[in-house]
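Subject: Structure handover

Hi,

Here is the structure I promised to pass on. Have a look at it first, and then read on for what I found.

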Amino acid sequence: MDYVLCRSRRRTIGLSVDHRGLRVGAPQRATLKDIEALLHKHGKWVLDKLARWQDKPATAPLQDGSTFPWLGAPVTLRQDALSKRVCWQEQTLKVPATLSLETALLRAIKPKARTYLQARLEIWAARMGLPLPPLFLSSARTRWGSCNSKGEIRLSWRLMHFEPALIDYVVVHELAHLKEMNHSPRFWSVVEAHFPDWRQARTALRRLAPELPVY
Ligand SMILES: [Zn+2]
């Protein structure tokens, strides 16, 4: 089994699988023997996960008429010789013929993602009685959000592919870290107080991650 090993100040060994393959996060003091023992123990889980990413059909290159998921519903990409800039029209995104579809798509998505995610963060921070933290966007594919010790929140613009409830779960999760900087039962009770269906949302995000478009 091939894997990428990342040593850090974490306290336990963690495994994660995504489009890049298997990654192992390990504390500085963990030995290779410890790591291989853990891989052996979770071999089936790892192989199942790797298979799920590999079974995924290669994403077709974007073309005029391609669709992409946006807030859980498909949006059609249309090349338009007359447009000078990207333009949203309900479930269609018109893009100028002078840009590559990929460039046009990212140019359209990122500012929308920032506005949307900022608004959700404001709503949930107020509901949770928290001061509004600074928001940064990332492009992460499986680490949907993170919160650092400075109280800054990072959210992946790729979240915009999911339905609104899943996005809200990630927002609530990261805001809850401003109260509890860990994943202790106390942390989950903060999440649950504001988002009772967090378990379903967490499972859905894991299931949907391999199906997201790659760009
Ligand atoms: Zn967390």
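Let me start with one residue, Val172. Setting aside neighbours within four places in sequence, Val172 is in contact with Trp124, Val191, His194 and Phe195. Val172 is also one of three residues, with Leu159 and Val170, that touch the most other members of the largest nonpolar core, a group of 29 residues. Several elements give two or more residues to this core: β5 (73-80), β7 (92-96), α3, β10 (153-156) and α4. The largest share comes from α4, with eight residues. As a bit of background, nonpolar side chains tend to be buried together in soluble globular proteins.

Before going further, please keep in mind that this is a predicted model.

Now the overall picture. The protein has six helices and ten strands. Along the principal axes, its C-alpha atoms fill a box of roughly 60 × 45 × 30 Å. Of the 215 residues in the protein, 19% are buried. If you take the contacts with a separation of 6 or more, 42% of them are between residues 24 or more positions apart.

Next, two of the helices. Where α4 (residues 164-176) meets α6 (residues 198-208), the two axes come within 10 Å and cross at roughly 105 degrees. That angle makes α4 roughly perpendicular to α6. On the α4 side the contact is made by Ala165, Leu166 and Tyr169, and on the α6 side by Trp198, Ala201, Ala204 and Leu205. What classes of residue make up the contact of α4 with α6? There are seven nonpolar residues in it, with no polar and no charged ones.

Helix α3 deserves a look of its own. It runs over residues 101-127, which is 27 residues, and reaches 39 Å from its first C-alpha to its last. That is close to the 39 Å expected at 1.5 Å a residue. The buried residues of α3 are Ala104, Leu105, Ala108, Ile109, Ala113, Leu117, Arg120 and Leu121. When you look at that list, remember that an α-helix has 3.6 residues a turn, so residues three or four places apart point the same way. After α3 comes Gly129, which has a positive phi, near 65 degrees.

A few spots in the loops are worth finding on screen too.

Leu71 sits in the loop between β4 (67-70) and β5. Although Leu71 is not a glycine, its phi is positive, at about 50 degrees. Is Leu71 buried or partly exposed? Leu71 is partly exposed, because 15 other C-beta atoms lie within 10 Å.

Glu90 is another residue other than glycine with a positive phi, in this case near 50 degrees. You will find Glu90 in the loop between β6 and β7. Glu90 has 7 other C-beta atoms within 10 Å, so it is exposed.

Gln91 also belongs to the loop between β6 (87-89) and β7. Gln91 counts as exposed because it has 11 C-beta neighbours inside 10 Å. Which residues does Gln91 contact, leaving aside its neighbours within four places in sequence? They are Ala73, Pro74, Val75 and Thr76. Gln91 and Thr67 are 24 residues apart in sequence, and their C-alpha atoms are 9.5 Å apart in space.

Asp64 is in the loop between α2 (43-55) and β4. With 12 C-beta neighbours inside 10 Å, Asp64 counts as exposed. Not counting residues up to four places away in sequence, Asp64 touches Leu77, Arg78 and Gln79. From Asp64 to Gly25 the C-alpha distance is 41 Å, and the two are 39 residues apart in sequence.

Last on my tour is Pro210, in the segment after α6. Pro210 has 17 C-beta neighbours inside 10 Å and so counts as partly exposed. You met Trp124 earlier as a contact of Val172. The C-alpha atoms of Pro210 and Trp124 are separated by 27 Å, and the residues are 86 apart along the chain.

If you want a place to begin, try Val172 and its contact with Trp124, and then move on to the crossing of α4 and α6.

Cheers

Note on methods: Residues numbered from 1 in each chain as written. Predicted model: local features only at pLDDT ≥ 70, side-chain atom pairs only at ≥ 80, totals over all residues. Axes fitted to C-alpha atoms, helices over the stretch in contact; angles between N-to-C directions. Helix = DSSP H or I, 4+ residues; strand = E, 2+ residues; numbered from the N terminus. Parallel < 35°, antiparallel > 145°, perpendicular 65-115°, else oblique. Contact = placed C-beta atoms within 7 Å. Nonpolar A, V, L, I, M, F, W, Y, C, P; charged D, E, K, R; others polar. Expected span 1.5 Å × (residues − 1). Buried ≥ 20, exposed ≤ 12 C-beta atoms within 10 Å, placed from the backbone. Core = buried A, V, L, I, M, F, W, Y, C linked by C-beta atoms within 7 Å.
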